[in-house]
Amino acid sequence: MDFEFSEEQQAIQKLVREFAEKEIAPTVHERDEKEEFSRELFDKIGELGLCGIFFPEEYGGSEGSYTSYIIANEELSKVDDAVAAGYASSISLCAWPIWKFGTEEQKKKYLTPLAEGTKLGAFGLTEPNAGSDAARQQSVAVKQGDHYILNGSKIFITNGGEADIYVVFAMTDKSKGTKGISAFILEKGMEGFSFGKEEHKMGIHASATRELIFQDVKVPVENLLGEEGKGFTIAMQGLDGGRIGVAAQGLGIAGAALEAAIKYSKEREQFGKTIGKFQSIAFMLADMATKLDAARLLVYRAAALKEKGLPCTKESCMAKMYATDAAMSIATDAVQILGGYGYTREYPVERLMRDAKITQIYEGSNQIQRQIISGQLLK
Ligand code: CAA
């Protein structure tokens with residue numbers, strides 16, 4: 001058991017930390033206020049090589065470790081979780097399934113630009129009536145000769161409208177339940193594929209969240225991802241990795257909140273001393289730091305399993321559930337420590353608290369994580 005990052009991982013951490021401070025931090029407040037998605041920032045992330053960290057070189061990647069990618073997620077989230085959410089959706093939920101289940105042609109055509117960061121990806125699973133119950137897909141794809149006709153819609157899609165490439169799910173045989181769901185690769189601009197309502201959210205304001213609408217979209221058969229009927233397991237395996245990414249977002253948010261709380265506790269004086277000298281504050285900081293470290297261990301264990309290609313469903317759910325619950329609690333405590341100032345938009349902790357909330361909800365609510373973990377324990 002080694003608790004040190006490798007040289008490669010340390011280098012990624014340094015690279016992303018410096019990049020995020022220099023390029024993302026200066027506009028984080030403004031983009032949050034204006035609810036503004038920045039493609040420019042994503043392009044810069046791509047130029048830095050962060051979209052292809054663990055993909056093979058032949059598809060535009062740099063063959064680094066999966067854990068390095070998770071570290072990149074954490075560092076981006078520490079500065080702006082809205083940016084990290086878009087980045088992670090593109091890689092974990094769009095590029096990864098194409099790498100894992102795609103044909104050679106699909107990998108060349110879609111994975112390569114996603115890994116190079118010249119194209120942005122998205123993942124369309126959630127529907128108005130298929131949220132936690134993802135199997136209840138109502139989008140339908142009917143095969144007609146050399147293409148499928150896709151009808152339906154998706155909601156709450158991260159990068160919706162901004163992404164170029166979409167991995168989406170639809171029923172190809174309703175009678176077969178989860179085994180009747182198939183995955184498809186869609187491109188922005190396909191006839192009949194449009195975008196609906198843009199969501200105005202509590203947090204991650206600078207992340208685009210939008211409805212996808214399919215009206216008789218003609219999807220070529222070569223855009224079927226994996227075999228027909230394998231869509232549900234493709235989605236679930238994608239989420240196994242995606243959830244480690246969300247867990248890393250929790251680490252980033254929690255780390256930023258803890259740092260802000262420590263800094264303030266060392267500066268703010270009340271009753272003749274800095275507030276960190278009061279046990280009420282000092283013990284809060286101790287609990288926050290311990291929770292964050294515990295979360296970190298779960299997240300890096302899940303990443304290590306995924307990196308080795310070992311089963312990680314339970315461990316990724318544990319990491320996601322614990323790290324994002326910790327992020328919510330640590331960010332809330334940071335607001336409490338900063339008091340009235342923490343509640344204003346002048347300090348970052350209120351944004352961190354708003355951003356933390358979504359990590360407990362997306363890629364499976366933390367109640368769904370508990371359901372999956374307990375299901376694995378009891379099976
Ligand atoms: N890996 C491989 N296969 C898996 C799997 C996994 N992790 N999880 C399930 N499966 C397989 C099962 O083995 C089973 O196969 P068999 O029938 O051959 O045994 C099949 O899939 C069906 O599994 P379940 O019976 O467990 O399915 P279920 O209908 O009971 O649902 C669920 C399970 C875990 C609740 C699932 O619906 C789920 O994860 N729900 C949450 C959905 C979710 O996370 N949505 C997030 C959307 S993406 C997002 O938020 C990002 C964004 O852009 C906003």
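Modeller: Let's start with a definition: a residue is near a molecule if one of its heavy atoms lies within 4 Å of it. Keep in mind that this is a predicted model.

Biologist: Thanks! Which residues around the ligand come nearest?

Modeller: There are 25 residues around the ligand, and Ser-132, Lys-179, Arg-243, Glu-363 and Gly-364 come nearest. Helix α6 (231–267) gives the most to this shell, with 7 residues.

Biologist: What makes the pair between Arg-243 and the ligand a polar contact?

Modeller: A polar contact is a pair of N or O atoms within 3.5 Å. A polar side-chain atom of Arg-243 lies 2.8 Å from an oxygen atom of the ligand, so the pair meets that cut-off. For Gly-364, a backbone N or O atom lies 3.0 Å from a ligand oxygen, so this pair counts too.

Biologist: And how much of the ligand does the protein cover?

Modeller: On its own the ligand has 1,100 Å² of accessible area, and the protein covers 69% of that.

Biologist: Why is strand β3 called largely enclosed?

Modeller: Buried means under 20% relative accessible area. In β3 (residues 147–158), 9 of the 12 residues are buried, so the strand is largely enclosed by the rest of the structure.

Biologist: How do you know that β3 pairs with β2 and with β7?

Modeller: Two strands pair if there are at least two bridges between them. Strand β2 (residues 140–144) is joined to β3 by 5 bridges, and 9 bridges join β3 to β7 (residues 209–220), so both count as pairs. Each pairing runs antiparallel. Across them, Ala-141 stands opposite Leu-150, and His-147 opposite Pro-220.

Note on methods: Residues numbered from 1 in each chain as written. Predicted model: local features only at pLDDT ≥ 70, side-chain atom pairs only at ≥ 80, totals over all residues. Heavy atoms only, no water. Buried < 20%, exposed > 50% of the residue type's maximum accessible area, 1.4 Å probe, protein only. Helix = DSSP H or I, 4+ residues; strand = E, 2+ residues; numbered from the N terminus. Polar contact = N/O pair within 3.5 Å; in protein donor to acceptor, adjacent residues only side chain to side chain. Areas by Shrake-Rupley, 256 points an atom, 1.4 Å probe, with all protein chains shown as cover.
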